[in-house]
Amino acid sequence: MNTEHTRRRLVIGNWKMHGQRAANASLLDGLRANASAASACDLAVCVPFPYLDQARAGLQGGSIAWGAQDVSKHEQGAFTGEVSAAMLADFGCQWVLVGHSERRTLHGETDLLVAEKATAALAAGLTPVVCVGETLAEQEAGKTQEVIARQLAPVLALGAEQVGRVVLAYEPVWAIGTGRTATPEQAQAVHAGIRSQLAALGVPEVRILYGGSVKASNAASLFAMSDIDGALVGGASLVAEEFLRIAAA
Ligand code: PEP
């Protein structure tokens, strides 16, 4: 485990299914105008598909990148309603979330499908942020490490070259949108477990974000942990000042 933090921090906002053109415009303006307050880390926002072009127009040329919240595993074809990785790249996306717990739970996404989506993203030159995390019942049954290992298995099976180009996000389902955050020590323990798996594969420097009710008030204590490389932020990413305060932490 690293005692000195060598990996560049990364904070990604997940707008989820929120937004409207006028409100987005002021959020994007607020982010862009004040991004220098958080220049010590990489910053990105993952917006709903219809707003990708607005994110591009509002952010291009600045220091904040943008991306999407899901991607198809398919390259193209008769897949009504799906959006390909090449389409995301066409809108200047650098990032895409895959396997967010809301996709896994509400849309039945399997561990294998998540790995396939990550592969599609990588093939189009995007960086997939592969989300993993256990439910409250799994956590209470002491199954956290087992669940994370199961979710990660098809991703790690892609091999060192591919895995070396992803970002992972540990998001305990019981902490997402609940106001209940994992303690820094709880999150660090899971991140350290993931880090050992990455080290065994030869890619120990892959960034691992924590997500789950991260706010400006708890970000610094999470970021103080040696294996927490930043955050995936849902609700708090909808307010520019709060999001940038997290990034500045
Ligand atoms: C998320 O949507 O990935 C998330 C972590 O949400 P929140 O920060 O609102 O818990």
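The second largest pocket of this predicted model holds about 180 Å³ of space. Its lining is made of 16 residues, and those nearest its centre are Gly-177, Ser-213, Val-233, Gly-234 and Gly-235. Two of these names, Gly-177 and Ser-213, come back in the contacts with the ligand: a backbone N or O atom of Gly-177 lies 2.6 Å from a ligand oxygen, and a backbone N or O atom of Ser-213 lies 2.7 Å from a ligand oxygen. The points below start there and then move on to the other pocket, the cavity and the salt bridges.

**The second largest pocket and the ligand**

- By residue class, the lining of the second largest pocket splits into 8 polar, 5 nonpolar and 3 charged residues.
- Which residues come nearest to the ligand? Of the 14 residues around it, they are Lys-16, Glu-171, Gly-177, Ser-213 and Gly-234.
- Gly-177 and Gly-234 are thus named among the residues nearest the ligand and also among those nearest the centre of the second largest pocket.
- A side chain takes part as well: a polar side-chain atom of His-100 lies 2.9 Å from an oxygen atom of the ligand.

**Two residues with positive phi beside the ligand**

- Most residues other than glycine have a negative phi.
- Lys-16 has a positive phi, near 50 degrees, and belongs to the loop that runs between strand E1 (10–14) and helix H1 (21–34).
- Is Lys-16 buried or exposed? Lys-16 counts as buried because its relative accessibility is 19%, and the cut-off for buried is under 20%.
- Ser-213 also has a positive phi, near 55 degrees, and its loop lies between strand E7 (208–211) and helix H10 (216–223).
- With a relative accessible area of 14%, Ser-213 is buried.
- Both Lys-16 and Ser-213 are listed among the residues that come nearest to the ligand.

**The largest pocket**

- What is the volume of the largest pocket? It is about 500 Å³.
- The largest pocket has 23 lining residues, and Phe-49, Gln-69, Asp-70, Arg-103 and His-107 lie nearest its centre.
- Helices H4 and H5 are the elements that give two or more residues to this lining, and H4 gives the most, with 4 residues.
- The lining of the largest pocket is made up of 10 nonpolar, 7 charged and 6 polar residues.

**A closed cavity**

- Rolling a probe the size of a water molecule over the atoms shows where empty space is left.
- How many cavities of 30 Å³ or more are there? The count is 1, and the largest cavity holds about 30 Å³ of space.
- The residues lining the largest cavity are Gly-99, Ser-101, Arg-104, Cys-131, Val-132, Gly-133, Gln-151 and Glu-171.
- Helix H4 (101–107) and strand E5 (127–132) each supply at least two residues of that lining.
- Its residues divide into 4 polar, 2 nonpolar and 2 charged.
- Glu-171 links two topics here, since this residue lines the largest cavity and is also one of the residues that come nearest to the ligand.

**Salt bridges**

- Side chains of opposite charge can pair when their charged atoms come close.
- Across the whole structure, 18 salt bridges are found.
- Asp-111 has two such partners: its side chain meets that of Arg-104 at 2.8 Å, N to O, and that of Arg-150 at 2.9 Å, N to O.
- The pair of Asp-111 and Arg-150 links distant parts of the chain, with Asp-111 in helix H5 (residues 111–123) and Arg-150 in helix H7 (residues 144–156), 39 residues apart.
- Asp-111 is buried, at 15% relative accessible area, and Arg-104 is buried at 13%, whereas Arg-150 is partly exposed at 46%.
- Arg-104 also appears in the lining of the largest cavity.
- Glu-161 and Arg-165 form another salt bridge, at 3.1 Å, N to O.
- In that pair, Glu-161 is exposed because its relative accessibility is 53%, and the cut-off for exposed is over 50%.
- Its partner Arg-165 counts as partly exposed, at 36%.
- Which residues are joined into one network by salt bridges that share partners? They are Arg-7, Arg-195, Glu-205, Asp-227 and Asp-229.

Conventions
Residues are numbered from 1 along each chain as its sequence is written. This is a predicted model: local features need pLDDT of at least 70, side-chain atom pairs count only at pLDDT 80 or more; totals for chains, interfaces and linings use all residues. Side-chain values use heavy atoms; hydrogens and water are left out. On a 1 Å grid over the protein atoms alone, a cavity is a set of points where a 1.4 Å probe fits but cannot get out, and a pocket is an open set with protein on both sides within 12 Å along at least five of seven lines; lining residues have an atom within 4 Å of a point. Grid points are joined across faces, edges and corners, and a volume is the space filled by probe spheres set on the points. Ala, Val, Leu, Ile, Met, Phe, Trp, Tyr, Cys and Pro count as nonpolar, Asp, Glu, Lys and Arg as charged, and the others, Gly among them, as polar. A salt bridge is a side-chain nitrogen of Lys or Arg within 4 Å of a carboxyl oxygen of Asp or Glu. Buried means under 20% relative accessible area, exposed over 50%, partly exposed in between (1.4 Å probe, protein chains only). A residue is near a molecule or strand if one of its heavy atoms lies within 4 Å of it. A polar contact is a pair of N or O atoms within 3.5 Å; within protein, one must be able to donate a hydrogen and the other to accept it, and residues adjacent in sequence count only if both atoms are side-chain atoms.
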